[in-house]
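Biologist: Before we start, could you go through the reasoning with me step by step, so that I can see how each term is applied?

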Amino acid sequence: MPELPEVETIAASLRRRTVGLEIAGIDLYFPGLLRGDAAELAKYRGKKITGVLRRGKMLLITCGANHHLLFHLKMTGGFQWAKKGARRDAYTRLRITFKDLERSLLFRDVRKFGFLRCLETGVPLDSAELSRIGPEPLEITKDDFSRILARRKGRLKSLLLDQTFLAGIGNIYADEILFAARVHPLTPASPLRLKQAERLRAAIREILRKAIAAGGSSIRDYQDADGMDGLFQNEHNVYGRKGEPCPRCGAKIRRLVIGGRSSFFCPRCQRIRSRRSSEGTSQ
DNA sequence: GCCACTGTTAGCAT
DNA sequence: CATGCTAACAGTGG
């Protein structure tokens with residue numbers, strides 16, 4: 001479910017409604033959600049939420065200088081507001097209640113891949129989870145991008161999914177980015193072949209920005225914390241469209257499995273270019 | 001019922 | 001170190 005645009009959207013929806021609220025309690029229904037000591041959750045009682053941030057696909061709820069709740073939503077995690085007294089369903093893993101507020105905030109996660117870690121540090125971005133991932137794709141500069149690209153081999157599709165390369169791109173946006181950049185998902189990441197590094201970076205920026213503006217992609221069950229669907233699925237050009245005509249050239253979209261992940265692309269618009277011959281002849 | 005598939009990534013093998 | 005599969009879980013659809 002949640003890649004960078006979805007987590008960004010969720011963070012914004014949470015921020016609007018939670019900053020300034022005081023936590024009255026945190027109930028953990030699935031102990032496996034929490035990485036670390038369960039006793040830590042008790043320390044959040046009485047703390048005020050001061051900010052909500054996204055880093056890569058991770059979400060950080062901050063309560064003052066030294067207390068942060070770090071969530072990873074993985075495949076099916078998400079937030080939902082619940083009325084007082086409403087019974088939780090089988091997939092509710094955690095509940096946060098607030099002082100002077102009827103509604104409580106639920107964390108739901110069908111597949112139980114998601115996790116929560118309490119960070120007690122003034123610099124959460126330096127924590128193990130948040131510091132090992134790569135740069136933000138919307139913030140990296142031209143020079144830095146070509147620099148990190150130059151160090152990589154392997155196929156562009158797998159590289160885009162590698163969170164230590166760039167943080168936040170997942171399977172949907174990787175395919176849409178490669179389509180926008182008109183490069184084949186199996187293209188080697190070698191910078192010699194990819195003089196189009198800047199075109200790739202531009203595609204990353206374009207797709208992620210549009211997806212954020214659309215509130216993310218709701219394919220199966222993604223919604224933000226206010227229950228709003230995203231709209232970017234209506235702008236998908238290739239993802240999930242095997243056999244359909246390419247919106248650009250009409251060729252049939254193909255599906256390959258690359259690194260164990262479904263990869264959709266247009267065989268005509270996204271050719272593997274050899275270095276010498278076809279630079280600049282992208283149609 | 002069985003099998004393939006799903007928006008992620010940690011862990012292990014090569 | 002880099003890159004490539006697979007399992008972890010639960011559901012859906014053919």
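Biologist: What makes up the surface near DNA strand B, by class?

Modeller: In this predicted model, the surface near DNA strand B has 9 charged residues, along with 6 polar and 6 nonpolar ones. Helix H5 (171-181) and strand S11 (261-265) each supply at least two residues of that surface.

Biologist: Which residues come nearest to DNA strand B?

Modeller: Of the 21 residues around the strand, the nearest are Met1, Arg220, Tyr222, Tyr239 and Ser262. Among the atoms of DNA strand B that come within 4 Å of the protein, sugar and phosphate account for 63%.

Biologist: Why is the approach of serine 262 to a phosphate oxygen of DNA strand B called a polar contact?

Modeller: A polar contact is a pair of N or O atoms within 3.5 Å, and a polar side-chain atom of serine 262 lies 2.4 Å from a phosphate oxygen of DNA strand B, so this pair meets the cut-off. The same test is met by lysine 57, at 2.8 Å from a phosphate oxygen, and by arginine 261, at 3.1 Å.

Biologist: Turning to helix H3 (residues 142-150), how do you know that its buried residues are on the same side?

Modeller: The buried residues in H3 are Phe145, Ile148 and Leu149, where buried means under 20% relative accessible area. They cover an arc of only 105 degrees around the axis, and therefore they are on the same side of H3. An α-helix has 3.6 residues a turn, so residues three or four places apart point the same way.

Biologist: What do the buried residues of H3 pack against?

Modeller: They pack against helix H4 (156-161) and helix H6 (197-213).

Methods: Residues are numbered from 1 along each chain as its sequence is written. Chains are lettered from A and ligands numbered from 1 in the order in which they are written. This is a predicted model: local features need pLDDT of at least 70, side-chain atom pairs count only at pLDDT 80 or more; totals for chains, interfaces and linings use all residues. Side-chain values use heavy atoms; hydrogens and water are left out. Buried means under 20% relative accessible area, exposed over 50%, partly exposed in between (1.4 Å probe, protein chains only). Helices (H or I, at least four residues) and strands (E, at least two) are DSSP runs, numbered from the N terminus. The arc is that of the directions from the helix axis to the C-beta atoms. Contact means heavy atoms within 4.5 Å. A residue is near a molecule or strand if one of its heavy atoms lies within 4 Å of it. A polar contact is a pair of N or O atoms within 3.5 Å; within protein, one must be able to donate a hydrogen and the other to accept it, and residues adjacent in sequence count only if both atoms are side-chain atoms. Ala, Val, Leu, Ile, Met, Phe, Trp, Tyr, Cys and Pro count as nonpolar, Asp, Glu, Lys and Arg as charged, and the others, Gly among them, as polar.
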